Amino acid sequence: MTDITLPARCDRQAIVQLVDPLLQALGQGPVTIDATEVAKPGQAVLQLLLSARKTAAELGQACLIKPSDALREMAAMVGAEGQLFEGGAA
C-alpha cells in the first residue's frame, strides 16, 4: 500500500503538485491518503479526493482517506462524507 500525506495547507497550488504522484500511486495498488494535518480544506482538495476515490474504484483498488476534523466537517457540509471516508473504495 502506498501512503500519500497531504500538507496542512491544501490550496490549489499544493493540489496541482499532488495530482501526478497520486495518479501514479493509484495505478500501482491500494493507497492511503493521510489528510490528518489538513487545516483549511477547500474545494480543490475535495475534488482531488473524490477523483482519487473514483479512480481507485475504477481500477479495483482501495483508497483509504484519513481525514482531519476540518476536512471531515467540510465534506459533511457538501454531503460527501460517505463518499470520501467510508470503507476503502468509492
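1. Let's start with Leu84, and with what it touches. Setting aside residues up to four places away in sequence, Leu84 is in contact with Leu46, Leu49, Leu50, Arg53, Ile65 and Ala75. Keep in mind while you look at this that the model is predicted. Leu84 itself sits in helix α4, which covers residues 81-85. Is Leu84 buried or exposed? Its relative accessibility is 0%, so Leu84 counts as buried. If you want one pair to click on, take Leu84 and Leu46: they are 38 residues apart in sequence, and their C-alpha atoms are 8.6 Å apart in space.

2. Next, the overall layout. The protein has 4 helices and 3 strands, and reading along the sequence you get the pattern β-α-β-α-β-α-α. Of the contacts with a separation of 6 or more, 74% are between residues 24 or more positions apart. The Leu84 and Leu46 pair from the point above, at 38 residues apart in sequence, shows that kind of spacing along the chain.

3. On overall size, the numbers hang together. For 90 residues, a compact globule would be expected to have a radius of gyration near 12 Å, and the protein has 12 Å, so the two agree. Taken along the principal axes, the C-alpha atoms fill a box of roughly 30 × 25 × 15 Å. As for burial, 37% of the 90 residues count as buried.

4. A word on the cysteines, since a bench person will probably ask. How many disulfides does the structure hold? The count is 0. Why is Cys10 not in one? The closest cysteine sulfur to that of Cys10 belongs to Cys63 and is 14 Å away, which is too far for a bond; a disulfide here would need the two sulfur atoms within 2.5 Å. Looking from the other end, the closest cysteine sulfur to that of Cys63 is in Cys10, again at 14 Å and too far for a bond. Both side chains are tucked away: Cys10 is buried, with a relative accessible area of 3%, and Cys63 is buried as well, at 0% relative accessibility.

5. Now the largest pocket. Its volume is about 210 Å³. There are 13 lining residues, and those closest to the centre of the pocket are Ile15, Val19, Ala44, Gln47 and Leu48. Which elements give two or more residues to the lining? They are α1 (12-26) and α2 (43-59). Helix α1 supplies the largest share, with 7 residues. By residue type, the lining splits into 9 nonpolar, 3 polar and 1 charged.

6. Staying with helix α1, two of its residues are worth a look. Arg12 is in α1 and counts as exposed, at 67% relative accessibility. If you go from Arg12 to Ile65, you cover 53 residues in sequence and 19 Å in space, C-alpha to C-alpha. Ile65, you may recall, is one of the residues that Leu84 touches. Gln24 is in α1 too, and Gln24 is exposed, with a relative accessible area of 54%. The C-alpha atoms of Gln24 and Arg53 are separated by 14 Å, with their positions 29 residues apart along the chain. Arg53 is another of the residues in contact with Leu84.

7. Last, Asp11. Where does Asp11 lie? It is in the loop between β1 (2-5) and α1. With a relative accessible area of 26%, Asp11 is partly exposed; the cut-offs behind that label are under 20% for buried and over 50% for exposed. Asp11 and Ala44 are 33 residues apart along the chain, and their C-alpha atoms are separated by 6.9 Å. Ala44 is also among the residues closest to the centre of the largest pocket, so it's a handy place to start if you want to view that loop and the pocket in one go.

Note on methods. Residues are numbered from 1 along each chain as its sequence is written. This is a predicted model: local features need pLDDT of at least 70, side-chain atom pairs count only at pLDDT 80 or more; totals for chains, interfaces and linings use all residues. Side-chain values use heavy atoms; hydrogens and water are left out. Buried means under 20% relative accessible area, exposed over 50%, partly exposed in between (1.4 Å probe, protein chains only). On a 1 Å grid over the protein atoms alone, a cavity is a set of points where a 1.4 Å probe fits but cannot get out, and a pocket is an open set with protein on both sides within 12 Å along at least five of seven lines; lining residues have an atom within 4 Å of a point. Grid points are joined across faces, edges and corners, and a volume is the space filled by probe spheres set on the points. Ala, Val, Leu, Ile, Met, Phe, Trp, Tyr, Cys and Pro count as nonpolar, Asp, Glu, Lys and Arg as charged, and the others, Gly among them, as polar. The radius of gyration is taken over C-alpha atoms; the globule rule is 2.2 Å times the number of residues to the power 0.38. Contact means heavy atoms within 4.5 Å.
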